[in-house]
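Let's take a walk through this structure together, one stop at a time. Have the sequence and the 3D view open as you read.

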Amino acid sequence: MATFTLTESAITPEDLPPWLKPELLVHIAAMDMNENQNIEFRESLKECLTGMQGVMQREIRKGGVNIPKRIKRGINREYSKFDKRMKENLTKTQLEPWTSYLEGLKVVMSERSTKR
């Protein structure tokens, strides 16, 4: 039992994946989603992140010119799909925190990609 407590206390915000950073969790909590919305959020987020990874791999594999520009456009399409899917499942009062979460996610993911 003591080991579990030690391990739990060793988790820092830096250990969390970018989409669950404390500054983004505030917006998730503010949305106050029901169970169906939570499921939709998790599935949509997974599809978005998987899609972004696929965009990068595909564009790098293709090669050619303007790879960064093509990657950026592909990633923006993934964010747009994520946004559209979530807006279909949220109420009007949830849209403001959702928009804040999505904008924060874009910033965090962009910062993460520049660190690589």
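Before we start, a word on what counts as a helix here: a helix is a DSSP run of H or I covering at least four residues, and helices are numbered from the N terminus. Keep in mind, too, that what you're looking at is a predicted model.

Let's begin with helix α3, which covers residues 35-62. At 1.5 Å a residue, its 28 residues should span 40 Å, and the C-alpha atoms at its ends are indeed 40 Å apart, so the two figures agree. At the N-terminal end, N34 acts as a cap: one of its side-chain oxygens sits 3.1 Å from the backbone nitrogen of N36. After α3 comes G63, with a positive phi near 70 degrees. Quite a few residues of α3 are buried, including F41, L45, C48, L49, M52 and V55.

Now hop over to helix α4, residues 67-87, and look for E78. Is E78 buried or exposed? Its relative accessibility is 12%, which is under the 20% cut-off, so E78 counts as buried. Setting aside neighbours within four places in sequence, E78 touches E47, C48, G51, M52 and V55. Of these, C48, G51, M52 and V55 are themselves on the list of buried residues in α3.

E78 also has a charged partner in K81: the two form a salt bridge, with the closest N and O atoms 3.2 Å apart. Both residues belong to α4 and sit three residues apart, about one turn of the helix. Why does that spacing suit a pair? An α-helix has 3.6 residues a turn, so residues three or four places apart point the same way. Unlike buried E78, K81 is exposed, because its relative accessible area is 51%.

Further along α4 there's another such pair, K87 and D83, whose side chains meet in a salt bridge at 3.3 Å, N to O. They're four residues apart in the helix, so about one helical turn separates them. D83 is buried, with a relative accessible area of 19%, while K87 is partly exposed at 41%.

Salt bridges that share partners also join E40, E43, E47 and R85 into one network. Within it, the side chains of E43 and R85 meet at 3.4 Å, N to O. This pair links distant parts of the chain, since E43 is in α3 and R85 is in α4, 42 residues apart. E43 is partly exposed, with a relative accessible area of 39%. In total, the model has eight salt bridges.

Methods: Residues are numbered from 1 along each chain as its sequence is written. This is a predicted model: local features need pLDDT of at least 70, side-chain atom pairs count only at pLDDT 80 or more; totals for chains, interfaces and linings use all residues. Side-chain values use heavy atoms; hydrogens and water are left out. Helices (H or I, at least four residues) and strands (E, at least two) are DSSP runs, numbered from the N terminus. Buried means under 20% relative accessible area, exposed over 50%, partly exposed in between (1.4 Å probe, protein chains only). Contact means heavy atoms within 4.5 Å. The expected span of a helix is 1.5 Å times one less than its number of residues. A polar contact is a pair of N or O atoms within 3.5 Å; within protein, one must be able to donate a hydrogen and the other to accept it, and residues adjacent in sequence count only if both atoms are side-chain atoms. A salt bridge is a side-chain nitrogen of Lys or Arg within 4 Å of a carboxyl oxygen of Asp or Glu.
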